[in-house]
Amino acid sequence: MLSPDGLLDVVSGGGLEYLNLYNLKSPTGLDGLDRVGYARSLRFLNVRMCRYLTDDSVTAIASGCPLIEEWSLAVCHGVRLPGWSAIGLLCNKLRILHVNRCRNICDQGLQALGDGCVCLQVLHIHGCGKITNNGLASFSIARPNVKQRADEVMCIGPSIEDLFRLQ
């Protein structure tokens, strides 16, 4: 458990590049992840299974973290069309996105990601019940260079060895 104020303390220094909030529980049952948007240098964000995540927080993160390259939103059921649209519109450096088993991503959300996210190279996607075969086909036609993968990745970002490699 991490309070919203504690999270703000973690990210407010501005130099944070990697943040793993996998399966973060909310002590109040409310979303407080909008504070991640203060991490201006953030490049890798794992909020997999943060079920309290809302569109407002996704929008705050997308607008506040312009350098984000990889983002796992797998099993984040609170993200709906406004959140997916914000990612498509604002995440211009996003290369890898995980949306596995997100209940509320739909064809329009997938289209918003495809219309934006100009650097997207890999989309981890499966088990998204509101995405139709036609929606997936339309995305594939519009963005043929984006690899669609069905695998689930628990840890994202560079390997631990890369983090400590001398430059």
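1. Let's start with a term: a residue is called buried when its relative accessible area is under 20%. By that cut-off, D55, S57, V58, I61, A62 and G64 of helix α2 are buried. Please keep in mind throughout that this is a predicted model.

2. What do the buried residues of α2 pack against? They pack against strands β2 and β3 and helix α3. If you are looking at the helix on screen, it helps to recall that an α-helix has 3.6 residues a turn, so residues three or four places apart point the same way.

3. Moving on to α3, its buried residues are G83, W84, A86, I87 and G88. The cover over them includes α2, β3 and α4. So that you can follow one side chain outward, take I87: leaving aside residues up to four places away in sequence, I87 touches V58, A62, W71, L73, L94, L113 and C117.

4. I87 also turns up in the largest nonpolar core, which has 38 residues. Together with V47, W71 and L73, I87 is one of the residues that touch the most other members of this core. The elements giving two or more residues to the core are α2 (55–64), α3 (81–90) and α4. Which of them gives the largest share? That is α2, with three residues.

5. Now for the sheet. Six strands form an open sheet, ordered β1-β2-β3-β4-β5-β6, and their pairing is parallel. At the edges stand β1 (18–20) and β6 (147–149); each has a single partner strand, so one side of each lacks a neighbour in the sheet. From one strand to the next, the twist averages 10°.

6. For a closer view of one pair, try β2 (residues 44–46) and β3 (residues 70–72), which run parallel and are joined by three bridges. Within that pair, N46 has S72 of β3 as its bridge partner.

7. Finally, a helix pair that I would point out to a colleague. Helix α4 (residues 107–115) packs with helix α5 (residues 133–142) at an angle of about 5°, and their axes are 9 Å apart. Because angles under 35 degrees count as roughly parallel, α4 is described as roughly parallel to α5. On the α4 side the contact is made by D107, L110, L113 and G114, and on the α5 side by G135, L136 and F139. Sorted by character, the residues of this contact are four nonpolar, two polar and one charged. L113 may look familiar, since I87 touches L113 as well.

How values were computed. Residues are numbered from 1 along each chain as its sequence is written. This is a predicted model: local features need pLDDT of at least 70, side-chain atom pairs count only at pLDDT 80 or more; totals for chains, interfaces and linings use all residues. Side-chain values use heavy atoms; hydrogens and water are left out. Axes are lines fitted to C-alpha atoms, for helices over the stretch in contact, and angles run from 0 to 180 degrees between N-to-C directions. Helices (H or I, at least four residues) and strands (E, at least two) are DSSP runs, numbered from the N terminus. Angles under 35 degrees count as roughly parallel, over 145 as roughly antiparallel, 65 to 115 as roughly perpendicular and the rest as oblique. Contact means heavy atoms within 4.5 Å. Ala, Val, Leu, Ile, Met, Phe, Trp, Tyr, Cys and Pro count as nonpolar, Asp, Glu, Lys and Arg as charged, and the others, Gly among them, as polar. A nonpolar core is a set of buried Ala, Val, Leu, Ile, Met, Phe, Trp, Tyr and Cys residues joined through side-chain atoms within 4.5 Å. Buried means under 20% relative accessible area, exposed over 50%, partly exposed in between (1.4 Å probe, protein chains only). Two strands pair if DSSP finds at least two bridges between them.
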